[in-house]
Amino acid sequence: MKRYEQFINKFSGKILKKEPLCKHSSFKIGGPADIMVMAGNTDVLEESVNLCIEFNIPFFILGGGTNIVFHDKGFRGIVIKNLCNNYSVEGEKVFVESGVIISRFAEDMAGRSLKGLEALGGLPGTVGGAIVGNAGAYGASIGNVLISAKIFLFKERKTVEVERDFFDFRYRYSRIKTGEVKCVILSAKLRMAQGNRDELLAVIEKDRYKRKTLHPTEPSAGCIFKNIEFSDEEFTDGLKQKKYSPSLEGLIVHNKLPAGKLIELAGLKGASSGDACVSPVHGNYIVNRGKATCEQIKELISIVKKKIKEDFNIDFEEEVLFIPEKL
């Protein structure tokens, strides 16, 4: 506890003690954090991380809380909530802090006739989280428009600006997501393009309507599993080798096999563990029907992965991140 006292004495921002993490997670799961920091600007965000490192306190940086599952016992350390939400536009270049909500941001860019983020207008979470996971939809991703980002490196304890190539973006992947680079994104510079305002807003509205009608409304973390990437040659070769079932033909969209469709074909919609349930509405969603726990979510994921492997010889990989009680 002495380390916490040292942190509190030096920290200049707002602190909450024993804050329930279920209040900050779209899954509505998670016990209390020892301390939660409310980082309202990038200076406070950098300061809180720096102090955690200085006093050797475990910490986790929380964005929108949309693709994570907290432990039922909470987090023994400091959760830093990123509330940095400023951005500015200069022509086709946009400077944005990492705590900005991606859906609102994408809509505002479309309203300014700036093209490049409209496919992300229905996604939850923050700009920082979107960059870490190279979030996207319908074949587009935020990595496509990123020019550079300011990051605070944990080991060096300094802020640097890095170019797009630094992240080594791939499908739902960056070097930060894997932990290869340990840092926090403070802000980013994006390159947009001129577009038709009405057309861009229509794309966002259509996507939101689709998500509202075809996706579950219960608490969830969004899609649980990554879609399966295939080149045409890889999939064709797999069929020839009888590695994959012919029933999968015709299901590939944008070189990806939808995980939700596989789950539906496997008859797993409605499968459950306690209050954790594979949504009957969308197979790639696990929903919390009341009092689901982290362990129930894990158990249900294990059931799904085993069944998909047995039926289709495909290995599922989770999109969600499980945060342990102790790092």
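## A facing pair

F152 stands opposite V184, a residue of strand 13. Keep in mind that this model is predicted.

Strand 11 covers residues 146-153, and strand 13 covers residues 183-191. The two run antiparallel, joined by 7 bridges.

## The sheet

Strands 11 and 13 belong to an open sheet of 5 strands. The order is 6-7-13-11-12, and the pairing is antiparallel. Two strands form the edges: strand 6 (87-90) and strand 12 (158-163). Each edge strand pairs on one side only. On average, neighbouring strands of this sheet are turned by 15° against each other, ignoring direction.

What holds strands of a sheet together as pairs? They pair through backbone hydrogen bonds, either parallel or antiparallel.

## Helices on the sheet

Helix 2 spans residues 42-54. This helix lies across strand 7 (93-97), strand 11, strand 12 and strand 13. Helix 2 runs at about 150° to strand 13.

Helix 3, residues 102-111, also packs on the sheet. Helix 3 touches strand 6, strand 7 and strand 13. Its direction makes about 25° with that of strand 6.

## A look at L114

L114 sits in strand 8, which covers residues 114-115. Is L114 buried or exposed? L114 counts as buried because its relative accessibility is 3%, and buried means under 20%.

Which residues does L114 touch, leaving out those up to four places away in sequence? Its contacts are V89, G91, E92, V94, M109, M192, A193, Q194 and L200. A130 is 16 residues from L114 in sequence. In space, their C-alpha atoms are 18 Å apart.

How values were computed: Residues numbered from 1 in each chain as written. Predicted model: local features only at pLDDT ≥ 70, side-chain atom pairs only at ≥ 80, totals over all residues. Heavy atoms only, no water. Pairing = 2+ DSSP bridges. Helix = DSSP H or I, 4+ residues; strand = E, 2+ residues; numbered from the N terminus. Axes fitted to C-alpha atoms, helices over the stretch in contact; angles between N-to-C directions. Contact = heavy atoms within 4.5 Å. Buried < 20%, exposed > 50% of the residue type's maximum accessible area, 1.4 Å probe, protein only.
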